[in-house]
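Q: Could you take me through one part of this model up close? I'd like to see how a strand is paired, and then how that compares with a few other spots.

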Amino acid sequence: MASPIPIPIRQLFINGEWREPVLKKRIPIINPATEETIGDIPAATAEDVELAVDAARKALARNKGRDWASASGAVRAKVLRAIAAKVTERKSELAKLEAIDCGKPLEEAAWDIDDVAGCFEYYADLAEGLDAKQKAPVSLPMQNFRSYVLQEPIGVVGLITPWNYPLLMATWKVAPALAAGCAAILKPSELASVTCLELADICKEVGLPSGVLNILTGLGPEAGAPLASHPHVDKIAFTGSSVTGSKVMTAAAQMVKPVTLELGGKSPIVVFEDVDLDKAAEWTLFGCFWTNGQICSATSRLLVHESIAAEFLDELVKWAKNIKVSDPLEEGCRLGPVVSEGQYEKILKFISNAKNEGATIFYGGARPQHLKKGFFVEPTIITDITTSMEIWREEVFGPVLCVKTFSTEDEAIELANDTHYGLGAAVISNDLERCDRVSKSLQAGVVWINCSQPCFCQAPWGGKKRSGFGRELGAWGLDNYLSVKQVTQYVSDEPWGWYQSPSKL
């Protein structure tokens, strides 16, 4: 069966041109809703990484940097706004490609594309603001010196991004890197690269200087690894699993190369006894089942007060039964297939392990009866959990919520923080003082009060513990790609006078 929308046939994007991979390899694109191959993407290897890094270095040096790196922020802002406008213009096509490629419901994909355009716009504004921040004075205690600070692009950056929000996660890195004046090599996930190749087409169309953004699709070990360890890449920003993040950090360490890592999570959502059950139920399910449950910050551990637990679980099941599981392009779809067969099997294995360890599959736990093909997993709720169980400790990356009760606020906080991870956390309660107290105690980089998962490109994003370090988005996202230079000048006419002057002897 043909794809519901034609998948463009693309090559790698290197130095502003489409280039066939040196080894001519390609990777099939599988539609997770039908399990059919609907096209293919080019597979880059170390040879292509070499060409892309070379193109990026030349782009930074070209015309003494005036083309991009040392152009004014206003010049770069113009290009970023042009990219945003093109993304908006192509929104319906991009959203469809995203939904078919990674399986997320079409309405969620459309929301992603709006966020992509918004993120490019936001960093265009920040790029413009950078001009006024140059030469920011530093006040010194000595009158005979004057000091100021320059913020310069860090150089050539390698950006390695995941498949759950293919174009949006790429944009979280590409937009600030370009705003800062860096040249970049983007390596999207081989499981969902289609929209990132369309971003290349947009960059070509708006006249981004050649070599400033290079896009290499391919496998992690073949394209990601040589990028992470390349001596001429000045920084790596990675979003993905903790295991791969550790490998990226190890590779970068050989060259003392900075990294920012946004890794997995097993985030808690704490529901107190004073809540509106309906509202709390919807946020709890959204926090774990949105994007088909494939969110690094998914609040997949529900901690609910024992006095409302039974009633709240019934409420969750009522809401879960109402979630439309279907092909992502179907009207009203709220849960699509997970991204690949590998992920599908992994999620089902987590569920069967939980059962074997003595947990109860309270709702769901299998493939939906009405869907004979596709990598679909029902929204799943698991109860009777102990804190030593794998399902409580490990990131599932699928529509699986595990539930535990608590009796006191202190116990809730202790259970919430009982994890190697520290990306997101949510607290639901009508007592706002309690919400503030709990927010301070939660060991996470992002805390939501009376909601779960909203994300704005103006606010900082990132984790603690094994969820990684560094912050993306907001002004923090731009700082990731800037190097700070102190410039200090001696302004007195007097000689320094530390050594005895030979002319006075």
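A: Here is a walk through one strand and its partners, followed by some helices and two single residues. Keep in mind that this is a predicted model.

Let's start with strand 6, residues 145–153. On one side of the story is strand 5, residues 136–138, which runs antiparallel to strand 6 and is joined to it by three bridges. The link between strand 5 and strand 6 is a hairpin of six residues. If you want a pair to click on, take valine 138, whose bridge partner in strand 6 is serine 147. Serine 147 is handy, since it also leads on to strand 20, where its bridge partner is threonine 488. Strand 20 covers residues 482–490, and it pairs with strand 6 over nine bridges, again in the antiparallel sense.

Now for the helices. Helix 2 spans residues 73–89, and its 17 residues reach 24 Å from first C-alpha to last, close to the 24 Å expected at 1.5 Å a residue. Its buried residues include Val79, Leu80, Ile83 and Val87, but also Arg76 and Lys86. Among the elements covering those buried residues are helix 3 (91–102), helix 4 (106–133), helix 5 (166–180) and helix 6 (194–206).

Next, look at helix 1 (residues 46–61) against helix 7 (residues 220–228): they pack at about 45°, with axes 8 Å apart. That angle makes helix 1 oblique to helix 7. The crossing of the two is right-handed. Where they meet, helix 1 brings Ala46, Val49 and Val53, while helix 7 brings Glu222, Ala223, Pro226 and Leu227.

Finally, two single residues. Phenylalanine 406 sits in strand 16, residues 400–406. It has a relative accessible area of 1%, so it counts as buried. Setting aside neighbours within four places in sequence, phenylalanine 406 is in contact with residues including Val270, Phe272, Leu303, His305, Ala412 and Leu415. For a sense of distance, phenylalanine 406 and serine 501 are 95 residues apart in sequence and 77 Å apart in space, C-alpha to C-alpha.

Threonine 419 lies in the loop between helix 13 (409–416) and strand 17 (424–428). Despite being in a loop, threonine 419 counts as buried because its relative accessibility is 14%, and the cut-off for buried is under 20%. Apart from neighbours within four places in sequence, threonine 419 is in contact with Lys266, Arg301, Arg393 and Lys465.

Key. Residues numbered from 1 in each chain as written. Predicted model: local features only at pLDDT ≥ 70, side-chain atom pairs only at ≥ 80, totals over all residues. Heavy atoms only, no water. Helix = DSSP H or I, 4+ residues; strand = E, 2+ residues; numbered from the N terminus. Buried < 20%, exposed > 50% of the residue type's maximum accessible area, 1.4 Å probe, protein only. Contact = heavy atoms within 4.5 Å. Pairing = 2+ DSSP bridges. Expected span 1.5 Å × (residues − 1). Axes fitted to C-alpha atoms, helices over the stretch in contact; angles between N-to-C directions. Parallel < 35°, antiparallel > 145°, perpendicular 65-115°, else oblique. Left-handed = near helix turned anticlockwise from the far one by under 90°.
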